[in-house]
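Let's take a walk through a protein model together. Have a look at the sequence and the structure first, and then we'll start with one small detail.

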Amino acid sequence: MNLPLITPAEQHRNKIAIVTDNKAFTYGDLLDISGRIATGLLKDTEDLQQQRVAFLIPPGFEYVATQWAIWRAGGIAVPLCVSHPRPELEYVITNSGVSIIIAHPQFKDTLQAIATDKNLPLILTSETLPNHVTILPNVDMKRRALILYTSGTTGKPKGVVTTHEHIQSQVTSLTTAWEWTSNDRILNILPLHHIHGIINVLTCALWAGAECHIFSTFDAEIVWNRICDGDLTLFMAVPTIYVKLITAWENATQERQKIMSAGCKKMRLMVSGSAALPVQVLEKWQSISGHFLLERYGMTEIGMALSNSLHSQRYAGYVGQPLPQVEVRLVDERGELVSSGTPGEIQVKSPGVFLEYWQNPQATEKAFKDGWFCTGDTAVVENGNYRILGRMSVDIIKTGGYKVSALEIEEVLRNHPDIQECAVVGVTDVEWGQRVCAALVLLPQRQLTLESLRIWAKQQLAVYKIPTRIIIVEELPRNAMGKVTKPQVVELFCSP
Ligand code: AMP
């Protein structure tokens, strides 16, 4: 086998790779099952030749075996989001030009409808697998491996394409910096259609020959029970998850709190990322767990770029310094390097930076300047450490670790029969980072409650994109040019 992301598994054949619902699967199981799924995918061909294969499978062994199978058969993996309603799934399937869909039976109805409409084959994970493994193709590292959809400031989400080489570089950078070994045991509670869960947790664990224990959904009590077992070495989550774990700890009895805290202390590292970690959350978590969370900064397009140090001092509110293999610079509006202490846009160059936005060369070109990827985030360096100041565009909202486009949500809301105009903004919130809030102008004589709007929107938008607060206004605040002034919309939600 020639796929460096998978080859290390050969050395650990008898070792446990994945544990789900108390079932353990070895690296040997993963190699065997993924080989058989790959054989089924190939049918009579020798190589999928970068065909896109979409899969909708809850986090667990079948998810991992399918992702590996797609790679081993020479395809590009397009993971779908389990919480997405049909229009969002359909968008990803159409935009990435998928030629095969794989689904867990629980998603059969939705995906069967899409597959029939688009005349695509649908394979269910419950179908019998071939009982042999065929000769699998040689897959060049420069080939595309993964497409992850991410929101931008304009239009619909874009497909971020990474090659096997990019992924390997992202993974080796992190496993080096955070000193992963085959003795590690991590609990994954993150969704597996997003870089954080797929790369930082799952792929790093498998690369290191470690154990990845997977819960298909997040439940604070169940996660605490698992932490209480005291055998995990690593944990990674978004700030919203830490807030939920803190609440559950606070609601526990003193006796249980002690066991919970002891479980955390057994770990060697706890990481936070994908959104800003409020200092008060960091401090509270430290008092509960004894861990000063290691905060890092990254993005779907670049992998991880900045990280606090594993061994040296970490600073609250800072994301540390560039990771191995990663170059970071800060520039002003004219593209000039800024001096230490002056804010600038974060630009990144590394072998882990993505290849392209899928079939969107204009967007890809716009995203780079002289070979540097322009993140659209601003930061400042103080005492040698980077501090993230936020997004340059108010139209990108980070809620619960998910990046969502205000414009995309507005487009959907405008189709509501009672809404005449709307403006969607992110409002700062300790639990969610930002909350999705919408100011609405209704059509004459109409009324609308948050509850009914949410029920309606669930048919078209992922739950995390749906506004959790609305304000009905006579008109939206606008500037002299007639453009909606988003900072003023934010103020509407902040005034008492
Ligand atoms: P995604 O591509 O969904 O991972 O989102 C990437 C974006 O999340 C970045 O461009 C930042 O805006 C934000 N982000 C990631 N990590 C951090 C962090 N540690 N602090 C603040 N923002 C972050």
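Which backbone nitrogen does the side chain of Thr-364 reach? The answer is that of Tyr-357, at 3.0 Å. Keep in mind as we go that this is a predicted model.

**Around Thr-364**

Let's put that residue in its place. Thr-364 sits in helix α11, which covers residues 361-367. Is Thr-364 buried or exposed? Its relative accessibility is 11%, and because buried means under 20%, Thr-364 counts as buried. If you skip its neighbours within four places in sequence, Thr-364 is in contact with Leu-355, Glu-356 and Tyr-357. So Tyr-357 turns up twice: as a contact of Thr-364, and as the owner of the backbone nitrogen that the Thr-364 side chain reaches.

**The ligand and its shell**

Now on to the ligand. It is surrounded by 18 residues, and the closest are His-194, Glu-295, Arg-296, Thr-300 and Asp-377. Sorted by kind, the shell has seven nonpolar, five polar and six charged residues. Here are some polar atom pairs between protein and ligand:

| Protein atom | Ligand atom | Distance |
|---|---|---|
| Thr-300, polar side-chain atom | oxygen | 2.6 Å |
| Arg-296, polar backbone atom | nitrogen | 2.8 Å |
| Lys-398, polar side-chain atom | oxygen | 2.9 Å |

How much of the ligand does the protein bury? On its own the ligand exposes 500 Å², and 95% of that is buried by the protein. Two elements give two or more residues to the shell: β13 (294-299) and β21 (385-391). The biggest giver is β13, with five residues.

**The nonpolar cores**

Away from the ligand, let's look at the nonpolar cores. The largest one has 115 residues, and the members that touch the most others are Ile-18, Trp-180, Trp-224 and Phe-235. Helix α6 (residues 195-208) supplies the largest share of this core, nine residues. Take Ile-18 as an example: leaving out neighbours within four places in sequence, its contacts include Phe-25, Phe-61, Val-64, Leu-202 and Leu-206. There is also another core, apart from this one, with 23 residues, among them Ala-54, Val-98, Ala-115 and Val-161.

**Helix α7, end to end**

Trp-224, one of those well-connected core members, also appears in helix α7 (residues 220-228). Which residues of α7 are buried? They are Ala-220, Val-223, Trp-224, Arg-226, Ile-227 and Cys-228. In general, an α-helix has 3.6 residues a turn, so residues three or four places apart point the same way. The buried residues of α7 pack against three strands and three helices: β9 (185-188), β10 (211-214), β11 (234-237), α8 (239-250), α9 (254-265) and α10 (279-289).

The ends of α7 are worth a look too. At the N-terminal end, Asp-219 acts as a cap, with a side-chain oxygen 2.9 Å from the backbone nitrogen of Glu-221. After the helix comes Gly-230, which has a positive phi, near 75 degrees.

**A proline in a loop**

Last stop: Pro-477, in the loop between β26 (469-472) and α14 (486-494). Pro-477 has a relative accessible area of 16%, so it is buried. Not counting residues up to four places away in sequence, Pro-477 touches Lys-483, Val-484, Thr-485, Gln-488, Val-489 and Leu-492. How far is Pro-477 from Asn-415 in space? The two are 21 Å apart, C-alpha to C-alpha, and 62 residues apart in sequence.

Methods: Residues numbered from 1 in each chain as written. Predicted model: local features only at pLDDT ≥ 70, side-chain atom pairs only at ≥ 80, totals over all residues. Heavy atoms only, no water. Near = heavy atom within 4 Å. Polar contact = N/O pair within 3.5 Å; in protein donor to acceptor, adjacent residues only side chain to side chain. Areas by Shrake-Rupley, 256 points an atom, 1.4 Å probe, with all protein chains shown as cover. Helix = DSSP H or I, 4+ residues; strand = E, 2+ residues; numbered from the N terminus. Nonpolar A, V, L, I, M, F, W, Y, C, P; charged D, E, K, R; others polar. Core = buried A, V, L, I, M, F, W, Y, C linked by side-chain atoms within 4.5 Å. Buried < 20%, exposed > 50% of the residue type's maximum accessible area, 1.4 Å probe, protein only. Contact = heavy atoms within 4.5 Å.
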